[in-house]
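Please look through the sequence and the model shown here before reading on. The paragraphs that follow take up single residues as well as the fold as a whole.

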Amino acid sequence: MTQTYLLEWMDLTVTSTLNPNKTDLAMITPIQSRAIIKKATQQTFLIQSQFTVQVFSLTNEKQIKILVGNYYSALLFLLDKIKEINGSNDLDRDNLKEVTATLISCLDELISFVESRFANYLGTAPFPVMERKTDRLTAMNNPSSKVLCKLSTDQTALILRASDELKILISKSMNHLFKTIVPFLSTPNKVNLSYDAMRSKAYVAEERDKEIAIETLERMIEQIKEY
């Protein structure tokens, strides 16, 4: 039975639509960018559910290993490609930066999904991911191990996003940055924070949250001047 290639849209988007060697990126409008971002999020959920269906439709373990391995390799390739595009000089508009950041986040999420859900078919690859999950679970169950942040989740999200985009904090993706840091933070109003929800807030922050984040950074600057 022929399986549908679930990464077709993402593959085409990364290797063609956003590839400066094949497309004039200046022609991509903000409206088109928002459409790509929305579609990428939808595709991420769809791929996870449909891929699970594809795997469980197979009864031969060798076939499952081949299927999982092929998708895993494809996801890693696409992640490397979109990171390369994200760092190129051709990408100089904020709306395109947001598109590539979203795709990096989505691909990172899909890679983590394959690593954790189908660990038995990937050899030793999933263990670093499982290790990170164990660390996050420990932090979630032990509030005393968290760092209390006086800023709200929206304000913290803005600072983390800026730190990622300015390469002050360097991680393989923005999704990975939030996933690694947020479980170890708490706020005065909430002990357990959702890294995914906080990352989303980084793109839809209100003006007042931006003002507070800026005021906080300005106070930090003044504090550093006194050292």
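## A walk through the predicted model

Lysine 167 counts as partly exposed, because its relative accessibility is 47%, a value that falls between the limit of under 20% for buried residues and that of over 50% for exposed ones. The residue sits in the loop that joins α6 (153–165) to α7 (174–181). Although lysine 167 is not a glycine, its phi is positive, at about 60°. This description, like everything below, rests on a predicted model.

From this one loop position we can step back to the overall plan. The protein contains 9 helices and 2 strands, and when these are read along the sequence they follow the order α-α-α-α-α-β-α-α-β-α-α. Of its 227 residues, 42% count as buried, while the accessible surface of the protein comes to about 13,200 Å², with 56% of that area belonging to carbon and sulfur atoms. Among the contacts in the protein with a separation of 6 or more, 70% are accounted for by residues 24 or more positions apart.

The N-terminal part of the chain offers a good place to look at burial in detail. Helix α1 covers residues 8–17, and within this helix Met10, Thr13, Val14 and Thr15 are buried. An α-helix has 3.6 residues a turn, so residues three or four places apart point the same way. What covers the buried residues of α1 includes α2 (30–56), α3 (61–86) and α4 (94–117).

One residue of α2 shows such packing from the other side. Threonine 44 has its place in helix α2, and it counts as buried because its relative accessible area is 2%, where the limit for buried residues is under 20%. Leaving aside neighbours within four places in sequence, threonine 44 is in contact with Met10, Cys106, Glu109 and Leu110.

Which residues of the largest nonpolar core touch the most other members? In this core of 37 residues, they are Leu18, Phe51, Val68, Ile82 and Val114. The elements giving two or more residues to this core are α1, α2, α3 and α4, and the largest share, 11 residues, comes from α3. A second, separate core has 9 residues, including Phe178, Val182, Leu185 and Leu193. To return to valine 114, this residue touches Phe51, Val68, Tyr72, Leu75, Ala119 and Leu122, when residues up to four places away in sequence are not counted.

Valine 114 also leads to a feature of the interior, for it belongs to the lining of the largest cavity, together with Leu7, Ile47, Phe51, Tyr71, Leu75, Leu110 and Phe113. The structure holds 1 cavity of 30 Å³ or more, and about 40 Å³ of space lies in the largest cavity. The lining residues of this cavity divide into 8 nonpolar, no polar and no charged. At least two residues of the lining come from each of α2, α3 and α4, and α4 gives the most, with 3 residues.

Seen together, several residues recur in these views of the structure. Phe51 is among the residues that touch the most other members of the largest nonpolar core, and Phe51 is also part of the lining of the largest cavity. Leu110, another residue of that lining, is one of the contacts of threonine 44, and Met10, a buried residue of α1, is also in contact with threonine 44.

How values were computed:
Residues are numbered from 1 along each chain as its sequence is written. This is a predicted model: local features need pLDDT of at least 70, side-chain atom pairs count only at pLDDT 80 or more; totals for chains, interfaces and linings use all residues. Side-chain values use heavy atoms; hydrogens and water are left out. Buried means under 20% relative accessible area, exposed over 50%, partly exposed in between (1.4 Å probe, protein chains only). Helices (H or I, at least four residues) and strands (E, at least two) are DSSP runs, numbered from the N terminus. Contact means heavy atoms within 4.5 Å. Accessible areas come from the Shrake-Rupley method with a 1.4 Å probe; for residues, only the protein chains shown count as cover. On a 1 Å grid over the protein atoms alone, a cavity is a set of points where a 1.4 Å probe fits but cannot get out, and a pocket is an open set with protein on both sides within 12 Å along at least five of seven lines; lining residues have an atom within 4 Å of a point. Grid points are joined across faces, edges and corners, and a volume is the space filled by probe spheres set on the points. Ala, Val, Leu, Ile, Met, Phe, Trp, Tyr, Cys and Pro count as nonpolar, Asp, Glu, Lys and Arg as charged, and the others, Gly among them, as polar. A nonpolar core is a set of buried Ala, Val, Leu, Ile, Met, Phe, Trp, Tyr and Cys residues joined through side-chain atoms within 4.5 Å.
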